Structure formats: structure tokens, C-alpha cells
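Welcome! Here is a set of short exercises for getting to know a protein structure, each with a solution worked out step by step. Keep the sequence and the model in view as you go.

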Amino acid sequence: MSINIAAFVSGGGTNLQALIDEIEKKNINGKIQLILSNNENAYAIKRGEKHGIESIYIGKKNFSDINERNGKIIEILQEKNIDLIILAGYMSIIDKKLVRLYKNRIINIHPSLIPSFCGKGFYGKKVHEGVLEYGVKVTGATVHFVDEGTDTGPVILQKSVIVKEDDTIDSLSERVLKVEHEILPLAVKYFCEGKIKVEGRKVKIGGLEDETCTH
Ligand code: GRF
């Protein structure tokens, strides 16, 4: 049975593109049934259009009341029988009711090695800015399930990226983004194959230890 996916986006959608590509190559046993954007002008919507994926804008302009907005999101997800939500660069807080409804079925990609440079205030380029200011030598990307906190849910996959002495926010975010494009589709693939087990905070993907934590 193929998994029904909803991708939540806000911006350029390169992570969405990586997912679309892997699905089209038949590497993932799932289908993106819907792209939900909180930004009418997100380029991610155009990416979806090019691949015949339906998209919908739900944001402050058409639903100014937050409860109505959150209610509408749940209604649409249920209407489309969505099994898995992927936050592919979605810059908005996920409603707690939705988190409970989709426990361990919402996946997020974060551009650092959680629990470093995550949580409140660490989003987008601010993450890489924090990394460079602190002077750490290694950063990376993390795919995790979403719980009621900010970037606190069980970690599914991580991959590291070396910080170079002459890195800028742009050069570093570019290298981290490449890693995001590897590990997000991989995590989704495992999910769709039913390989992911969550025990408390721990995520187990049977026998894949070497792949899940790479250099
Ligand atoms: C990525 O770095 C993602 O980790 C972060 O926002 C960026 C979105 O990139 N949350 P894109 O929209 O997938 O290109």
C-alpha cells in the first residue's frame, strides 16, 4: 500500500524537489497528494505544479483566525486520507492538536545536528549564523519526528558536514542543504517501507546503523 503524503512548505522547496525526484524514480513507496503552503508565493508551489501535484494556500490572508486556520488544515488532511506529513522548509508552528493526531507521522528536516543550534530562534540562515559564530568544527542536518516542542522530537537520521575556516552563511548552508536532500528522502523511504520503529525518544531502523550515522 502506498503512503499518502502531504508536504508543508513556505519557500523555495528544494527539499520538496528532492522528495518528488525520489518518488518519481520509484525509490519511495509513497505519493505526495498535497502541497500545503503558508506562503502564496512560495516557489515550492510551482515545483509541485510542474509535477501535477495539487497545492493549497492556507495562511493568515485566507484564514486570519488561528483556530480556523488549524481546523481547516486538519479537515483537508483527513479529506485526503493523509498518512504522513513532511515539513519541507515550513516556517510555521504546528498546532498541538495536529501533532497529537499525527504522532510520529510528522517529519521535519532541520539544518543542524540536533540538539545543537535548534529550538526557538534557530530557523533558516540563523542556524548557520549560530554555527559560524560559535566556531564549531562540525555541523550537519537532522531528520526528526515532530513532537509538541520545537525541534525536540525523536531523531530519525543525521549526517554531518565539516565547517571550513573560510565558510560564509551561504557556502555552509549550501553544503548542508545537499545533505538535507540526501537524508530527508531516505527517512521518508524508510517510513514508507514500515522500517521505522519509535521507542520513547529512540528511533530504530532495523540493521541500518552504518547508513543512519555517517561521517
Ligand atoms: C532548509 O534548510 C530547511 O532545513 C529549513 O529551511 C530550508 C528550506 O529549504 N527548515 P527548501 O525550501 O527546502 O529549499
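**Exercise 1. Decide whether Ser10 is buried or exposed, and find out what surrounds it.**

Solution. The model is a predicted one, and we begin with a single residue.

- Step 1: Ser10 has a relative accessible area of 8%. The cut-off for buried is under 20%, so Ser10 counts as buried.
- Step 2: Place Ser10 in the chain. Ser10 sits in the loop that links S1 to helix H1 (14-24).
- Step 3: List the contacts of Ser10, leaving aside neighbours within four places in sequence. They are Ser37, Asn38, Asn39, Ala42, Gly89, Tyr90 and Met91.
- Step 4: Look at Met91 once more. Its backbone nitrogen lies 2.7 Å from a polar atom of the Ser10 side chain.

**Exercise 2. Check whether the length of helix H3 (residues 66-79) agrees or disagrees with the expected span.**

Solution.

- Step 1: H3 has 14 residues. At 1.5 Å a residue, H3 should span 20 Å.
- Step 2: The end C-alpha atoms of H3 are 20 Å apart, so the two values agree.
- Step 3: Try H6 in the same manner. With 24 residues, H6 should span 34 Å, and its end C-alpha atoms are 34 Å apart, which agrees as well.

**Exercise 3. Work out how the buried residues of H3 are arranged around its axis.**

Solution.

- Step 1: Collect the buried residues of H3: Arg69, Asn70, Ile73, Ile74, Ile76 and Leu77.
- Step 2: Recall the geometry. An α-helix has 3.6 residues a turn, so residues three or four places apart point the same way.
- Step 3: Look down the axis of H3. The buried residues fall within an arc of 165 degrees, so they line one face of the helix.
- Step 4: Turn to the face that points away from this buried side. There you find the exposed residues Asn67, Glu68 and Glu79.
- Step 5: Ask what the buried residues pack against. Their partners are strands S1 (3-9), S2 (30-37), S3 (55-57) and S4 (84-87), together with helix H4 (96-101).

**Exercise 4. Describe what is found at the two ends of H3.**

Solution.

- Step 1: At the N-terminal end, Asp65 caps H3. A side-chain oxygen of Asp65 lies 3.1 Å from the backbone nitrogen of Asn67.
- Step 2: After H3 comes Asn81, which has a positive phi near 50 degrees.
- Step 3: For another helix end, go to H6. Just after H6, Gly194 has a positive phi of about 70 degrees.

**Exercise 5. Find which parts of the chain build the largest nonpolar core.**

Solution.

- Step 1: The largest nonpolar core has 43 residues, and Ile5, Ile32, Val143, Ile156 and Val188 have the most contacts inside it.
- Step 2: Helix H6 (residues 169-192) gives the largest share of this core, ten residues.
- Step 3: The domain assignment splits the chain into domain 1 (1-102) and domain 2 (108-215). Each of these domains supplies at least three residues to this core.
- Step 4: Take Val188 as an example. Apart from neighbours within four places in sequence, Val188 is in contact with Ile5, Leu19, Ile28, Leu84 and Ile86.
- Step 5: There is also a second, separate core of 20 residues, and Ile74, Ile82, Ile85 and Ile94 are among them.

**Exercise 6. State how many residues of each domain are in contact with the other domain.**

Solution.

- Step 1: Count on both sides: 18 residues of domain 1 are in contact with 15 residues of domain 2.
- Step 2: Add the spacing. The domain centres, taken over C-alpha atoms, are 20 Å apart.

**Exercise 7. Compare the exposure of Lys26 and Asn104.**

Solution.

- Step 1: Lys26 belongs to the loop between H1 and S2, and its phi is positive, about 65 degrees, although Lys26 is not a glycine.
- Step 2: The relative accessible area of Lys26 is 74%, so Lys26 is exposed.
- Step 3: Asn104 belongs to the loop between H4 and S5; its phi is also positive, near 55 degrees.
- Step 4: Asn104 has a relative accessible area of 24%, so Asn104 is partly exposed.

**Exercise 8. Find which residue is joined to Pro115 by a cis peptide bond.**

Solution.

- Step 1: Locate Pro115 in the loop between strand S5 (106-110) and helix H5 (125-134).
- Step 2: The cis peptide bond joins Ile114 to Pro115, with omega about 15 degrees.

Technical notes. Residues numbered from 1 in each chain as written. Predicted model: local features only at pLDDT ≥ 70, side-chain atom pairs only at ≥ 80, totals over all residues. Heavy atoms only, no water. Core = buried A, V, L, I, M, F, W, Y, C linked by side-chain atoms within 4.5 Å. Buried < 20%, exposed > 50% of the residue type's maximum accessible area, 1.4 Å probe, protein only. Helix = DSSP H or I, 4+ residues; strand = E, 2+ residues; numbered from the N terminus. Domains from an automatic or database assignment. Contact = heavy atoms within 4.5 Å. Expected span 1.5 Å × (residues − 1). Arc of directions from axis to C-beta. Polar contact = N/O pair within 3.5 Å; in protein donor to acceptor, adjacent residues only side chain to side chain.
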